[in-house]
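Student: Could you take me through one part of this structure up close? I'd like to look at the second largest cavity and what lines it.

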Number of protein chains: 2
Amino acid sequence: MPYRAPVSEHLFLLRHVVGYDRIAATPRFVEAGDDILAAVLTEAGRMCEEVLAPLQRNGDLHPARLENGAMRTSPGYAEGWKAIAEGGWIGVSGPVDHGGMGLPISVATAINEVMSGACLSLQLAPLMSQGQIEALEHHASEEIKALYLPRLLSGEWSGTMNLTEPQAGTDVGALTTRAEPKGDGTYAITGQKIYISWGDSDFVENVCHLVLARLPDGVPGTKGISLFLVPRNLPDADGRAGQANGVKVISVEHKMGLHGSPTCVMEYDGATGWLVGEAHGGMAAMFTMMNNARLGVGGQGVGVAEAAYQQALAHALERKQGRSRSGVIADHADVRRMLLGMKADVFAARAILLACAAAGDMAKATGDADWSARAALLTPIAKAFGTETGIRVSETGIQVHGGMGVIEETGAAQFLRDVRVTAIYEGTNGVQAMDLAGRKMMDGGEAAMRLIDEIEDQAERARASAPDLAGPVWEATETLRETTEWLVAQGDMDDRFAGAMPYLMGFARILGAHFHLSAALAEPDGAREKLARFYIEAMLPEHTGLLAQARSGASVLYALDLDELAS
Amino acid sequence: MPYRAPVSEHLFLLRHVVGYDRIAATPRFVEAGDDILAAVLTEAGRMCEEVLAPLQRNGDLHPARLENGAMRTSPGYAEGWKAIAEGGWIGVSGPVDHGGMGLPISVATAINEVMSGACLSLQLAPLMSQGQIEALEHHASEEIKALYLPRLLSGEWSGTMNLTEPQAGTDVGALTTRAEPKGDGTYAITGQKIYISWGDSDFVENVCHLVLARLPDGVPGTKGISLFLVPRNLPDADGRAGQANGVKVISVEHKMGLHGSPTCVMEYDGATGWLVGEAHGGMAAMFTMMNNARLGVGGQGVGVAEAAYQQALAHALERKQGRSRSGVIADHADVRRMLLGMKADVFAARAILLACAAAGDMAKATGDADWSARAALLTPIAKAFGTETGIRVSETGIQVHGGMGVIEETGAAQFLRDVRVTAIYEGTNGVQAMDLAGRKMMDGGEAAMRLIDEIEDQAERARASAPDLAGPVWEATETLRETTEWLVAQGDMDDRFAGAMPYLMGFARILGAHFHLSAALAEPDGAREKLARFYIEAMLPEHTGLLAQARSGASVLYALDLDELAS
């Protein structure tokens, strides 16, 4: 079945669940009213259905590859990129004065999600550019902005992020790439970077790398790291991609999926770079880019989950089963359980994603610290739960297909193979969980408690009209409150980190219930209320086990010696 | 890191957890004492480490393929098969009078698991032969047994199972393959079968297919199905593989994994077959084969989980992380949580598997109906939880590897791609769950309650010495008891089936706790007790959510119309 952009679902969530009207009511986004929203989502959705979705299998069957040092991308990807670029979909929330649309991040997030569902491996390319645009907007000099931003926003050029080195992944402070001042304000960058998504392509005039490296006086660890912009081709006097710079792709990884997106090993050999942000302030600049990218990666998970759900549903509605109520396997009890679970989780993950984006918009529009804190709190949840949902839903989609699920021609397995890396890149989901249980609780849990209060208030108000839904949500939120209090009270960070991942997943379960309840209240007695009831009765109870594990602490985890871990 | 056969773990479990001594004390297995057990497991383990494990990547990189109609298997697989055959590992529990070792099924199950961990795609070949041997032993004529069993047991010939057709998967009664009597006691078999594992190879003299087909007077549905033995080559007067029969492989599927095992589309064009068992009694004969195969497939899941755990642990002990306690990522809290979860689940799934096999042995040796009922009850749990564990542990293994997890060279992704189908073949895990909640409860829940009583008795006895472990196990088992009572009381089977899968998974969680407690009691104050504590504190609480979903019933599941399932 061809992929259908979930435009009406996004409109419903933005309008009735995450408060888009509040965003459009701010002076900053006054021109992004409901009519614009609907028009933009519809137009982007059409492009995704017509142009991107047909490319999905191409990328898998004909991976991007190096041919005599030149990158050859998958068939049709150049046209796909062109459609994304010409539609303006790289710069949905990009700065207007450099050619972006200046729309809210929540709109860009919805569109990114739809592009991911249509063709994840290609969508990763504009996502990387968007992160770079955001970083340059906040940290680069005016000259750099004037030169690079219009070209990145138009899609003539593309952007990448270069953090990882063979010995420095999560432990980014261990990196060894060097930057030597050349005396003319530029730097010579030397070193090797790995896992560089879309490190090159054959459909842009220039590829701009944002590279973390250490200046000669940079201290060891993260505090001695600076950020540099290193274009593949040095811009000439007219701002065109000119002479080749000292950077090249030396190999492309063989991955389990996402074959259409070349994951490159990059070699920098005295390449010319420009400092972005302060010397030794690379991590701060990188975080701007990563926060944007984390939201985007969460959206990748949701997008793939949506596509995998659509395909599994189509199969289940077509495949005959004599003994089920309607004669198709969608009415087989266990298949129904899988389908409803997938659908309910896509809703939950999407709502969390858009709520996070909407909080970012409100922070941007109002400067209110509470909104910033809300966005910061939700970002690791949106990233980790979004991508876990992508994996789980794709995984369940395979199961719905039965034997056909493992046969590559159906495409069900590709969703899982493609989406798997999203739980790893831009900070593994474990890192997201530690961010939530550590950094995001450095306010003593204040931001979390404010959200918990809101969820309980909603449940209280809903008790009269929907007691069977509101009661369990309130109860679960109390458990989340107690767990959060326990967490914040732990002095030894390992006690927090030991259960950080189940804490994040339990938190997401409850947020999902909150948003399902919002949907049920917005459209009582319809399909949304029925889905909310399934989620709250069948899926919400999962939080009990997750939050119990969240409180289990480090001592039980570290009781075994390292050599006792072997069988 | 090279794969290490978990021989000492199997010995511990067989000796101290599932009561192997009781099996060896029966007259039937009196010659299978502890010394034989240790010698056989050690010898099989060595073969797996030295011969099979090095083939694992070969199968993935060089899939079995058809070349001008002839099957070409992956490099080294012929030698691997030879080592399996010559070691006698096809016939560990096979009949002695035809060349088998006649050892308990629990021993064969342990060895099958180790072969799976070493090289799953090749191990599937002897597993298929074993199922056929079991079916022929119970249902074939003496002539067929005398001709086929010695050759299948020695590995000169191999066996397959042919159930599925394009329109008849789980719904096997829909099959259309025909069997026409030829008047000489044989039948002409005509039809197409799909998903036939090891439908052909280049390392045996003959491939023997057990084929479900319908006789001219067979009624529609499962009651009109008969079972036929259809060799690729017709045996000549000397019992050698002679003239080609009317059966051929017409294509090999492109699967997401298990590339070394050719999954074939078979065409039968008037092929000569022999009836096995009664006319129209094919399902009964097939079930003999499937029960054996289900246990075997559960073992495949456990084997892959073990191998994936070993590899993830080796990576985590090697990969540096500056800030962890010991400087390697295995001491990073979130990585430790993953590793302990993997290890604890491998233990749980293996214990369930071996307990199921041991119950089968006791049933065989004593004829006691309670043991048969115990084996029947545990079979769907062993199959589904074993394979879910294979998937989850492989999945977590990828995450432990970080970015390297999705790079194919590490092998982490292959475990997941290979093991994924085990949740689907030999009856999907959803079918296993319905078997547990349906057929296996037709005794009114008696067999389940007997097991629940045993678990509670153990917990009661352990209260004095290990209250922190025994208390939660007893509590959880009470919830399982209540859920089982609820289940048995439901008249509408859809109410049982709606939550059958979470019921099975919750049941497995509690069985896992029971066996972890057994291990802790057998070796107090050591690594086993620490692992049991982690499982009981951090993982057992998952049962709450699972069993709540088990009781959620069909109404909430069928509330949405089919067209409301679309977004």
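Tutor: Sure. The second largest cavity has 17 lining residues, and B:S93, B:A108, B:Q130, B:E134 and B:N292 sit nearest its centre. A cavity here, on a 1 Å grid over the protein atoms alone, is a set of points where a 1.4 Å probe fits but cannot get out, and lining residues have an atom within 4 Å of a point. Keep in mind that this is a predicted model, where local features need pLDDT of at least 70, side-chain atom pairs count only at pLDDT 80 or more, and totals for chains, interfaces and linings use all residues. Residues are numbered from 1 along each chain as its sequence is written, chains are lettered from A and ligands numbered from 1 in the order in which they are written, and side-chain values use heavy atoms, with hydrogens and water left out.

Which elements give two or more residues to that lining? They are α6 (105-118), α7 (120-139) and α9 (282-318), from chain B; helices are DSSP runs (H or I, at least four residues), numbered from the N terminus. By class, the lining splits into seven nonpolar, seven polar and three charged residues. Nonpolar means Ala, Val, Leu, Ile, Met, Phe, Trp, Tyr, Cys and Pro, charged means Asp, Glu, Lys and Arg, and the others, Gly among them, are polar.

As for space, this cavity holds about 200 Å³, a volume being the space filled by probe spheres set on the points, which are joined across faces, edges and corners. Searching the whole structure turns up ten cavities of 30 Å³ or more.

Now for the two chains. Chain B superposes on chain A by a rotation of 180 degrees with 0.0 Å of shift along its axis (RMSD 0.0 Å), fitted by least squares on the C-alpha atoms of residues with pLDDT of at least 70 in both. The two copies are therefore related as by a two-fold rotation axis.

Note on methods. On a 1 Å grid over the protein atoms alone, a cavity is a set of points where a 1.4 Å probe fits but cannot get out, and a pocket is an open set with protein on both sides within 12 Å along at least five of seven lines; lining residues have an atom within 4 Å of a point.
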